[in-house]
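Please open the structure in the viewer and keep the sequence panel visible. The tour below proceeds from one selection to the next.

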Amino acid sequence: MVLPFRFAVNMLAPGSAEEWRTRCRRAEELGYDLILVADHLGMPAPFPSLVAAAAATTRPRLGTFVLNAAFWNPVLLAREVTTTAALTGGRLELGLGTGYVPDEHERAGIPFLPPRERVDHLVRVVEELAGVLKGAEGTPGVGLTIGGNGNRVLRLAARHADVMAFSGGRFDGDAPTVLTAEELAERVDAFAEFERAAGRAVPAERNLLIQRVVVTEDRAAAAAGFREAVPYLTEEQILDLPIVLLGTVPEIAAQVRALRERHGFSYFTVLDGAMEAFGPVLAELRRTTD
């Protein structure tokens, strides 16, 4: 089933109230469907930022992308979700993940648990929020996004999520590495199997977080500029990375369409630093897609 495109910008940079409102309005002007906020120390606090974004805009939906479940007690998180959903007029989408940055846990005084225990906590949060996400009488429901790549997270999303968000990366110890095109395809295929096993009547929407957007006529030069971040990849592998969009506006639009055709990605998130660069691509896709 081919879903219509949705495009989101993930806001990472803090700023004054007026700066925040201006950036959110600009995202709406450029045609983004969602304004998202991450959950990292040193970045904007998710829920008040989303309430402010709702006040500054009228059309985009608003979401967390994604909350570090380890930072949150499920009961207290339920209060935040219910209140934010109401104050944003039912525009909230909740994104959850396990968390992956040890230093942030240390600074927050929260133990950085082994992967299995972090997934256990994520499962508990999702299950305890089930009623809140459905919405009680007089309160809006909230869509659930689950982010990650591991099998247990994929199985959890196959059972519960409206959106499965693939990060395109992983942590090997403390060192982040990106998934090659082949590795990401294997994760997408695994998720499809988990969905079939879960007996879902309607598949989850598939999201991909784009790490870099460079509009250029020289793709090779743009790939070389990314090489320092991924020295373990060849130039050909960099050019083939789904999470890196390099080329002219029509070339990048073609990459996005191909990702939807091959892997079912219909929902794409770019980082706020790429909001303007991706704007013409978004417009091109709107113009040329039925």
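Select Arg187 to begin: this residue is buried, with a relative accessible area of 14% (buried means under 20% relative accessible area, exposed over 50%, partly exposed in between, with a 1.4 Å probe and protein chains only). This is a predicted model, in which local features need pLDDT of at least 70 and side-chain atom pairs count only at pLDDT 80 or more, while totals for chains, interfaces and linings use all residues. Residues are numbered from 1 along each chain as its sequence is written, and side-chain values use heavy atoms, with hydrogens and water left out.

Next, add Glu186, which forms a salt bridge with Arg187, the closest N and O atoms being 2.8 Å apart (a salt bridge is a side-chain nitrogen of Lys or Arg within 4 Å of a carboxyl oxygen of Asp or Glu). Glu186 is partly exposed, at a relative accessible area of 42%.

How many salt bridges does the structure hold? There are 18 salt bridges. One of them joins Asp33 to Arg59, with 3.8 Å between the closest N and O atoms. Asp33 lies in the loop between α1 (17-30) and β2 (34-37), and Arg59 in the loop between α2 (46-56) and β3 (61-64), so the pair ties together parts that are 26 residues apart in sequence. Helices (H or I, at least four residues) and strands (E, at least two) are DSSP runs, numbered from the N terminus. Asp33 is buried at 19% relative accessible area, and Arg59 is partly exposed at 39%.

Move now to helix α12 (residues 275-288), where Glu284 and Arg287 are three residues apart and thus separated by about one helical turn. Their side chains meet in a salt bridge of 3.0 Å, N to O. Glu284 is buried at 16% relative accessibility, whereas Arg287 is exposed at 62%. After this pair, select Arg6, Arg61, Glu93 and Glu205, which are joined into one network by salt bridges that share partners.

Finally, select strand β13 (residues 265-271). Is this strand enclosed or open? Seven of its seven residues are buried, so β13 is largely enclosed by the rest of the structure. Strand β1 (residues 6-11) pairs with β13 in the parallel sense over five bridges (two strands pair if DSSP finds at least two bridges between them). Within this pairing, Phe7 stands opposite Phe268. Strand β10 (residues 205-210) also pairs with β13 in the parallel sense, over five bridges. Here, Asn207 has Tyr267 in β13 as its bridge partner.
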